[in-house]
Amino acid sequence: MTFGWGYLLSGVIFGAVIAVPALLYRTRTLNAVAAFWTAYVITRPLGASFADWMGVSHERGGLALGTGPVTAAWAVLIVGLVTYLAVNRADAEPGGR
C-alpha cells in the first residue's frame with residue numbers, strides 16, 4: 001500500500017510523527033518506556049525515507065546520490081557522533097559513571 005507521497009514528503013511526515021511521543025512524554029501523557037519504543041519504531045521508516053530520497057534517481061523523486069555513497073556518508077556521520085559522545089560524554093548525567 002502506498003499513499004504516493006514520495007520519499008521526501010514521507011520523511012517530513014515521519015519526522016513530525018516522531019515528535020508525537022516526545023510531546024506526549026513531556027506532557028506526562030505517555031510514560032518513558034512507551035515513548036521510547038514508539039519513537040524507536042518510527043526511526044526505521046524515518047531513516048529509510050530520507051536515505052531513499054538521497055539515494056534514488058531523479059526520475060524516482062530522489063537526489064541521485066547513489067545508495068553506496070549515502071550509506072557510507074551516514075555511517076561516517078553516525079560513527080563520528082557516537083565517538084564524540086563517548087569521548088566528550090556530553091550526554092552523560094552529572095555524577096554518572
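**Exercise 1. The packing of H1 and H2**

Determine the handedness of the crossing of H1 and H2, and state how the two helices are oriented to each other.

*Solution.*
Step 1. In this predicted model, H1 and H2 cross in a left-handed manner.
Step 2. Helix H1 comprises residues 7-26 and helix H2 residues 32-55; they pack at an angle of about 165°, and their axes lie 8 Å apart.
Step 3. Angles over 145 degrees count as roughly antiparallel, and H1 and H2 are therefore roughly antiparallel to each other.
Step 4. The residues of H1 in the contact include Tyr7, Leu8, Phe14, Ile18 and Tyr25, while those of H2 include Ala35, Ile42, Leu46, Phe50 and Trp53.
Step 5. Sorted by class, the contact of H1 with H2 has 16 nonpolar, six polar and one charged residues.

**Exercise 2. The packing of H2 and H3**

Classify the orientation of H2 and H3, and identify the residues that meet between them.

*Solution.*
Step 1. H2 and H3 pack at an angle of about 130°, with 8 Å between their axes.
Step 2. An angle of this kind falls outside the ranges for roughly parallel, roughly perpendicular and roughly antiparallel; H2 and H3 are therefore oblique to each other.
Step 3. The crossing of H2 and H3 is right-handed.
Step 4. From H2, Ala51, Met54 and Gly55 meet Thr67, Val70 and Trp74 of H3.
Step 5. By class, this contact has four nonpolar, two polar and no charged residues.

**Exercise 3. The span of H3**

Compare the expected span of H3 with the distance between its end C-alpha atoms.

*Solution.*
Step 1. Helix H3 covers residues 67-88, which is 22 residues.
Step 2. At 1.5 Å a residue, H3 should span 32 Å.
Step 3. The end C-alpha atoms of H3 are 31 Å apart, which agrees with the expected span.
Step 4. After H3 comes Arg89, with a positive phi near 55°.

**Exercise 4. The protein as a whole**

Is the protein more spread out or less spread out than a compact globule?

*Solution.*
Step 1. The protein has three helices and zero strands, and its elements run α-α-α from the N terminus on.
Step 2. For 97 residues the globule rule gives 13 Å, whereas the radius of gyration of the protein is 17 Å, well over that value, so the protein is more spread out than a compact globule.
Step 3. Along the principal axes, the C-alpha atoms fill a box of roughly 50 × 35 × 15 Å.

How values were computed: Residues are numbered from 1 along each chain as its sequence is written. This is a predicted model: local features need pLDDT of at least 70, side-chain atom pairs count only at pLDDT 80 or more; totals for chains, interfaces and linings use all residues. Side-chain values use heavy atoms; hydrogens and water are left out. Axes are lines fitted to C-alpha atoms, for helices over the stretch in contact, and angles run from 0 to 180 degrees between N-to-C directions. Helices (H or I, at least four residues) and strands (E, at least two) are DSSP runs, numbered from the N terminus. Angles under 35 degrees count as roughly parallel, over 145 as roughly antiparallel, 65 to 115 as roughly perpendicular and the rest as oblique. A crossing is left-handed if the near helix is turned anticlockwise from the far one by less than a right angle, and right-handed if clockwise. Contact means heavy atoms within 4.5 Å. Ala, Val, Leu, Ile, Met, Phe, Trp, Tyr, Cys and Pro count as nonpolar, Asp, Glu, Lys and Arg as charged, and the others, Gly among them, as polar. The expected span of a helix is 1.5 Å times one less than its number of residues. The radius of gyration is taken over C-alpha atoms; the globule rule is 2.2 Å times the number of residues to the power 0.38.
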